[in-house]
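User: Please take a close look at one part of this model, the aromatic rings, and then work outward to what surrounds them. I would like the terms explained with their cut-offs as they come up.

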Amino acid sequence: MTDDYSTPGGLQAAAAIPVGQARMPLGARRIILIGSLGVLAGILAGRYYFGGLVLASAGITLVALALSYQTGKPWFSRLSWLVVAAGALWTATTAGYWWLIDAAADASSGSSENASLVFYLGIAALVVMLGATLSAAILRATRGRRLIRS
């Protein structure tokens, strides 16, 4: 049995796509691997230690960063910088919220009013991060279609 690479699904069709557009950049793929490991370790640690959720949120931020790449060089877009800033704020507010709740539990008192402010700030940062990641993916897909058509 011989392989016919001249078929539409063969190597010639794959070679027709420019290398920069065919695949996710190597740096983004590495960041996804590291972020995925952070999410898994954070989820496992979160069952026993609440601070593991900080590790999980950092991993989710890394995965969102990697998914917000643009084609071409540099692959880090303006939206990627927005994802980094919002993700860092979300991770910091997750750590701050955890610290406030832990301090209230140690003092055997109710949570402070700052806890709700930190919580809502973290939710806003998460929404911005996810919105920027989705926007970057949509822009990349629509630009890719325009390049293929022309």
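Analyst:
**The aromatic pairs and their surroundings**

Five aromatic pairs are present in the structure, a pair being two rings of Phe, Tyr or Trp (its six-membered ring) with centres within 6.5 Å, called stacked if the planes are under 30 degrees apart, edge-to-face if over 60 and tilted for the rest. In one of them, Y49 and W98, the ring centres are 5.6 Å apart and the planes stand at 75°, so this pair is edge-to-face. The pair connects distant parts of the chain, with Y49 in the loop between α3 (26-46) and α4 (52-67) and W98 in helix α5 (residues 78-106), 49 residues apart. Here helices (H or I, at least four residues) and strands (E, at least two) are DSSP runs, numbered from the N terminus. Y49 is exposed, because its relative accessible area is 52%, where buried means under 20%, exposed over 50% and partly exposed in between, with a 1.4 Å probe and protein chains only.

A further edge-to-face pair is formed by W75 and F76, with 5.4 Å from centre to centre and 80° between the planes. W75 has a relative accessible area of 22% and is therefore partly exposed, and F76, at 24% relative accessibility, also counts as partly exposed. W75 and F76 belong, with W81, to one aromatic cluster.

The model is predicted, so that local features need pLDDT of at least 70 and side-chain atom pairs count only at pLDDT 80 or more, while totals for chains, interfaces and linings use all residues. Residues are numbered from 1 along each chain as its sequence is written, and side-chain values use heavy atoms, with hydrogens and water left out.

An aromatic ring also takes part in a contact with a charge: the charged end of R140 sits over the ring of Y69, 3.9 Å from the ring centre. For this, NZ of Lys or CZ of Arg has to be within 6 Å of the ring centre and within 35 degrees of the ring normal. R140 lies in helix α6 and counts as buried because its relative accessibility is 19%. When residues up to four places away in sequence are not counted, R140 touches L67, S68, Y69, Q70 and T71, a contact being heavy atoms within 4.5 Å.

T133 is placed in helix α6 as well, and at 10% relative accessibility T133 counts as buried. Leaving out residues up to four places away in sequence, T133 is in contact with A64, L67, S68 and V83. L67 and S68 are thus touched by T133 and also by R140.

Helix α6 (residues 113-149) also holds F119, which is partly exposed because its relative accessible area is 37%. Together with Y120, I123 and V127, F119 makes a nonpolar surface patch of about 410 Å². A patch consists of residues with over 30% relative accessible area and no salt bridge, with like charges joined within 9 Å and nonpolar side chains (Val, Leu, Ile, Met, Phe, Trp, Tyr) within 5 Å. A salt bridge is a side-chain nitrogen of Lys or Arg within 4 Å of a carboxyl oxygen of Asp or Glu.

Returning to the loop that holds Y49, the loop between α3 and α4 is also the place of G51. G51 counts as buried because its relative accessibility is 15%, and its C-alpha atom is 9.0 Å from that of T94, although G51 and T94 are 43 residues apart in sequence. In the loop between α4 and α5 lies G72, partly exposed at 39% relative accessibility, and the C-alpha atoms of G72 and P25 are separated by 8.8 Å, with their positions 47 residues apart along the chain. In helix α3, L33 is exposed, with a relative accessible area of 55%, and its C-alpha atom is 8.1 Å from that of V63, 30 residues apart along the chain.

For the protein as a whole, the secondary structure comes to six helices and zero strands. Of its 150 residues, 28% count as buried. Among contacts between residues at least 6 apart in sequence, 62% join residues at least 24 apart. The accessible surface comes to about 10000 Å², of which 68% belongs to carbon and sulfur atoms, with areas taken from the Shrake-Rupley method with a 1.4 Å probe and, for residues, only the protein chains shown counted as cover.
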